[in-house]
Amino acid sequence: EAVSTIKAHKKYITSMEWEPIHRNRSGERMLTSSKDSLVKMWNVRTKRLVLTLAGHIDSVECVKWGGEGLIYTASRDRTIKVWNDEGKLCRTLQGHAHRVNTLALSCDYVCRTGPFDHTCRRDVAGARPSGEYTGVVVRLRLSDGTVRSHVSKLNDEEEIYREAVRRYEEFKASKEPERLVSGSDDFTLFLWHPQEGKHPVKRLTGHQQLVNHIAFSPDGRYFASASFDKKVKIWNGKSGEFLTTLTGHVGAVYRVAWSADSRYLVSASKDSTTKLWEMPSGKRARETLAGHEDEVYALDWSPNGASVATGSKDRTIKIWKY
């Protein structure tokens, strides 16, 4: 049952993104992008429009909310715009020769999961708590150098916020800048450091048809790109260096998703299958998940690592246990 409905845009909605919990403990704000060329920020509790990001001259295909508060929008007008969370345009990233379809951020996973990691349902011995439970693993380093772990239940908004901040700061410990990768109908990807400047760090070539989707691994070490050329390519998440091509699909690849521990990748294809790959070395699919009767358009790996969900043109959703 829908708890609220917001009349948001004049044309269809292309993308949605929640504000990271470590940026705002209330978790009430979200972004929507649309074919009407606008991006809007909403307060979902009050159902009120907070602000509108206007500047693109064609459909906005993707929106991302970064870990440092910047908002990234990709459009059919061939540009990516960088905004602050007060709606001010910071810079425009140009370089693609055709529409920009997809964006991925190095911090996507930690921003999405907030205070929770893929071990949040296991105590130190690996047993699962019974009943309804939401918690995180807390590790304490004692004076004698030993580390003890226990599962701490998250009881209130403040505790959730503190844990989300801790996880984000832990992710940032590498001192790497926030990295953005864009994929386009021009068959290329661009790697950007969007906080630091408007020029791309690297132009990535190799795909023979348009790039549908990009996803960073949760640890930020790699990213994967999916293309109409039936291939998935794996790249170094810091330098953008090409690593390997995953071949096996016999139709366009629409989506990719990583396991929570960054060890595996799944890809969804027009050929009606989803394939499981071991990362970063696997050139042959470890498993082929067959069962859909038509193209597989939607794909996600649960944050706790236990399940993969696929959605198909055959109008069914399948849940695969890992």
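The exchange below goes through the fold, cores, sheets and cysteines of a predicted model.

Colleague: How many helices and strands are there in the protein chain?
Modeller: The chain has 322 residues, of which 51% count as buried, and it exposes about 16,100 Å², with carbon and sulfur atoms supplying 47% of that area. Among the contacts with a separation of 6 or more, 44% are between residues 24 or more positions apart. As for the elements themselves, the protein chain holds two helices and 25 strands.

Colleague: Which element supplies the largest share of the largest nonpolar core?
Modeller: That core has 17 residues, and Tyr72, Ile80, Leu103 and Leu180 touch the most other members. At least two residues each are supplied by strand E6 (71-75), strand E7 (79-83), strand E9 (100-105), helix H1 (108-113) and strand E13 (189-192). The largest share, three residues, comes from E9.

Colleague: Which residues does Ile80 touch, leaving aside those up to four places away in sequence?
Modeller: Ile80 is among the residues of the largest core that touch the most other members. With the residues up to four places away left out, the partners of Ile80 are Thr73, Ala74, Arg91, Thr92, Leu93, His96, Val100, Leu103, Leu180, Ser182 and Trp192.

Colleague: How many residues make up the second, separate core?
Modeller: In soluble globular proteins, nonpolar side chains tend to be buried together. Here a second core, separate from the one just described, includes Tyr222, Ile234, Trp258 and Leu265, and its residues number 13.

Colleague: Which strands stand at the edges of the open sheet that contains E12 and E13?
Modeller: This sheet has four strands in the order E9-E12-E13-E14, with antiparallel pairing, and its neighbouring strands are turned by 20 degrees against each other on average, direction ignored. Within the sheet, three bridges join E13 to E14, and Leu191 stands opposite Lys202 in E14. Two of the strands have a single partner strand each, so one side of each is left without a neighbour in the sheet, and these edge strands are E9 and E14 (202-204).

Colleague: In the open sheet with the order E19-E20-E21-E22, which residue of E22 is the bridge partner of Leu276?
Modeller: The pairing in this four-stranded sheet is antiparallel, and strand E19 (253-258) and strand E22 (287-289) stand at its edges, so one side of each is left without a neighbour in the sheet. Strand E21 (residues 274-278) and E22 pair over three bridges. The partner of Leu276 in E22 is Glu287.

Colleague: Which residue in the turn of the hairpin formed by E23 and E24 has a positive phi?
Modeller: Strand E23 (residues 296-301) and strand E24 (residues 307-312) pair in the antiparallel sense over five bridges, with Val296 standing opposite Ser312 in E24. Five residues lie between the two strands, and the one in the turn with a positive phi, about 80 degrees, is Gly305.

Colleague: Why does Cys107 not form a bond with Cys111, and how far apart are their sulfurs?
Modeller: A search of the whole structure finds zero disulfides. Cys107 is buried, with a relative accessible area of 2%, whereas Cys90 counts as partly exposed at 36% relative accessibility. A disulfide needs cysteine sulfur atoms within 2.5 Å, and the closest cysteine sulfur to that of Cys107 is in Cys111, too far for a bond because the distance is 3.8 Å.

Terms used
Residues are numbered from 1 along each chain as its sequence is written. This is a predicted model: local features need pLDDT of at least 70, side-chain atom pairs count only at pLDDT 80 or more; totals for chains, interfaces and linings use all residues. Side-chain values use heavy atoms; hydrogens and water are left out. A nonpolar core is a set of buried Ala, Val, Leu, Ile, Met, Phe, Trp, Tyr and Cys residues joined through side-chain atoms within 4.5 Å. Buried means under 20% relative accessible area, exposed over 50%, partly exposed in between (1.4 Å probe, protein chains only). Contact means heavy atoms within 4.5 Å. Accessible areas come from the Shrake-Rupley method with a 1.4 Å probe; for residues, only the protein chains shown count as cover. Two strands pair if DSSP finds at least two bridges between them. Axes are lines fitted to C-alpha atoms, for helices over the stretch in contact, and angles run from 0 to 180 degrees between N-to-C directions.
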